Amino acid sequence: MTPESAIAARRETWQQKLSRRRSLAETARTLVVEGSLRRVVGLTLEAEGCEAALGARCLVDTADGATLDTEVVGFADERLLLMPVGDMHGVLPNARVRPCARSGGLPVGAGLLGRVIGADGVPLDGQGPLESDEHAALKAEPINPMARKPIDTPLDTGVRAINALLTVGRGQRLGLFAGSGVGKSTLLGMMTRYTNADVVVVGLIGERGREVKEFVEHTLGEEGRRRAVIVAAPADAPPLKRLRGAQYATAIAEWFRDRGQRVLLLMDSLTRYAQAQREIALAIGEPPATKGYPPSVFAMMPALVERAGNDADGKGSITAFYTVLTEGDDYRHDPIADAARAILDGHIVLSRDLAEAGHYPAIDIEASISRVMPAVATREHMRSAQRFRQIYSAYRQQRDLIAVGAYQKGSDPQVDLAIEMWPQLRAFLQQEVDEPITLDQAIERLAVLAEQVHE
């Protein structure tokens, strides 16, 4: 063997060894620095000796040999602040804490239609495992506002008062402001069954467990459930799971929208989402700002809402309704209601007075508004709606005098006409639960009433 061939052979041997060792290094397990649990205060766990990024997942060993799933929500000095996803029963002092790689997301896809699932992607309906091979992250970046398709197409919700006087645009985000017991769930069920959408995604966040079953079986019904995905994170779930429930429902809606489908997203409720973030923020030491709500709450709300809307291609859309619970039916001084009005494209207010009078749906037309209605309604439709509102408000402003007989006929021609037409106006705003009214039917009947008002 010549010296040149010997050198070439040795070079080839070293290249083979280097290649083999490189492949072994690529397949070797990454070293993970584990830590210990040092402190538990309320819902916050403090771990020492390990490092993980915000939002990362950590597993904490428990006394029964299982593990508690947690998420990093903050850090202080050398300690990680963890928030549990499940029950903390069985957690021990100095328990082992293992940082994990980011999960591959939660299941999404058409296989979720007709199913009721939890915030962790686990089925709750007892119908077996989910038929889905695709996964999506809980948090996604919103679409560039300059690339998003404008809202220019009306959406038929099947509710006459909304179709005629609060016309919704495809891709709009609205708030449904209501106290307890005024027909909020019933109205959501009507929109779920009758809205002209390809897919309906319902997020039941922070609701009572009993209401979850009632909404699915009675309010939604078999017809509405076939094209719906229900994500439930009841009131007894940890705050982190309630946060994830709202984000998961939004991620499912985004998956369908990205495939060109028209999605209706119903989130019940945005207030419970904000309260879950308040619990987490206060537990890790964030100072309260407005009525006990820390600043992070008012940063997370628009981050969630802005993910809905039309896509950039103009094919898919997410039209979202977020319910907002008001303390004492006062939506004007509630910080969450005030923030929601600022970030949403309109609000529908449900009135307790109307509900107690047997007026359903109990929509307060005077206090409600759809900010995109001028962009999706015709000029004739807008004039008819304006005439209706004028005569309706004229009666409402004088209703106390009318009720006690103190109003003198002839004092105001507009009020005289309002008194004469009041039964028709009230009947127009009322609707049976099992009686869908299309957009065209609502506009046609509104035009008839507007002509009588004009005369």
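# Notebook: charged and aromatic side chains

I began by looking up the salt bridges, and I find that the structure, which is a predicted model, holds 25 of them. As a reminder to myself, side chains of opposite charge can pair when their charged atoms come close.

**Entry on Glu 34 and Arg 96.** I looked up this pair and found that the two side chains meet in a salt bridge, with 3.6 Å from N to O. Glu 34 lies in the loop between α1 (3–27) and β1 (35–41), while Arg 96 lies in strand β6 (residues 96–100), so the salt bridge ties together parts of the chain that are 62 residues apart in sequence. I then checked how far each side is covered: Glu 34 is partly exposed, at a relative accessible area of 38%, and Arg 96 also counts as partly exposed, at 38% relative accessibility.

**Entry on Arg 38 and Glu 48.** Here I noted a salt bridge in which the closest N and O atoms are 3.2 Å apart. Because Arg 38 is in strand β1 and Glu 48 is in strand β2 (residues 44–48), this pair ties together parts that are 10 residues apart in sequence. Arg 38 is partly exposed, with a relative accessible area of 41%, and Glu 48 is partly exposed as well, with 30%.

**Entry on Glu 254 and Arg 307.** I found a salt bridge between these two residues, and its closest N and O atoms are 2.9 Å apart. Glu 254 belongs to helix α5 (residues 239–258) and Arg 307 to the loop between α7 (295–305) and β16 (309–310), so parts that are 53 residues apart in sequence are tied together by the pair. I asked myself whether Glu 254 and Arg 307 are buried or exposed; both residues turn out to be buried.

I then returned to Arg 38 and Glu 48, and I see that salt bridges with shared partners join them with Arg 39, Glu 46 and Arg 79 into one network.

**Entry on aromatic rings.** I turned next to the rings, where the count comes to six aromatic pairs. I looked up Tyr 395 and Trp 422, which form a stacked pair with 4.0 Å from centre to centre and 10° between the planes. This pair links distant parts of the chain, since Tyr 395 sits in helix α11 (residues 379–397) and Trp 422 in helix α13 (residues 413–429), 27 residues apart. Tyr 395 is buried, with a relative accessible area of 14%, and Trp 422 counts as buried at 16% relative accessibility. I also wrote down that ring pairs link Tyr 395 and Trp 422 with Phe 388, Tyr 392 and Phe 428 into a cluster.

**Entry on charges over rings.** I looked for arginines placed over aromatic rings, and I noted that the charged end of Arg 193 sits over the ring of Tyr 194, 5.2 Å from the ring centre. The charged end of Arg 278 sits over the ring of Tyr 293, at 4.3 Å from the ring centre.

**Entry on Arg 242.** My last look-up was Arg 242, which has its place in helix α5 and counts as buried, at 9% relative accessibility. Which residues is Arg 242 in contact with, leaving aside its neighbours within four places in sequence? I find Ile 205, Gly 206, Ala 233, Pro 234, Ala 235, Ala 237, Ala 276 and Glu 279 in contact with Arg 242.

Notes
Residues are numbered from 1 along each chain as its sequence is written. This is a predicted model: local features need pLDDT of at least 70, side-chain atom pairs count only at pLDDT 80 or more; totals for chains, interfaces and linings use all residues. Side-chain values use heavy atoms; hydrogens and water are left out. A salt bridge is a side-chain nitrogen of Lys or Arg within 4 Å of a carboxyl oxygen of Asp or Glu. Helices (H or I, at least four residues) and strands (E, at least two) are DSSP runs, numbered from the N terminus. Buried means under 20% relative accessible area, exposed over 50%, partly exposed in between (1.4 Å probe, protein chains only). Rings of Phe, Tyr and Trp (its six-membered ring) pair if their centres lie within 6.5 Å; planes under 30 degrees apart count as stacked, over 60 as edge-to-face and the rest as tilted. A charge sits over a ring if NZ of Lys or CZ of Arg is within 6 Å of the ring centre and within 35 degrees of the ring normal. Contact means heavy atoms within 4.5 Å.
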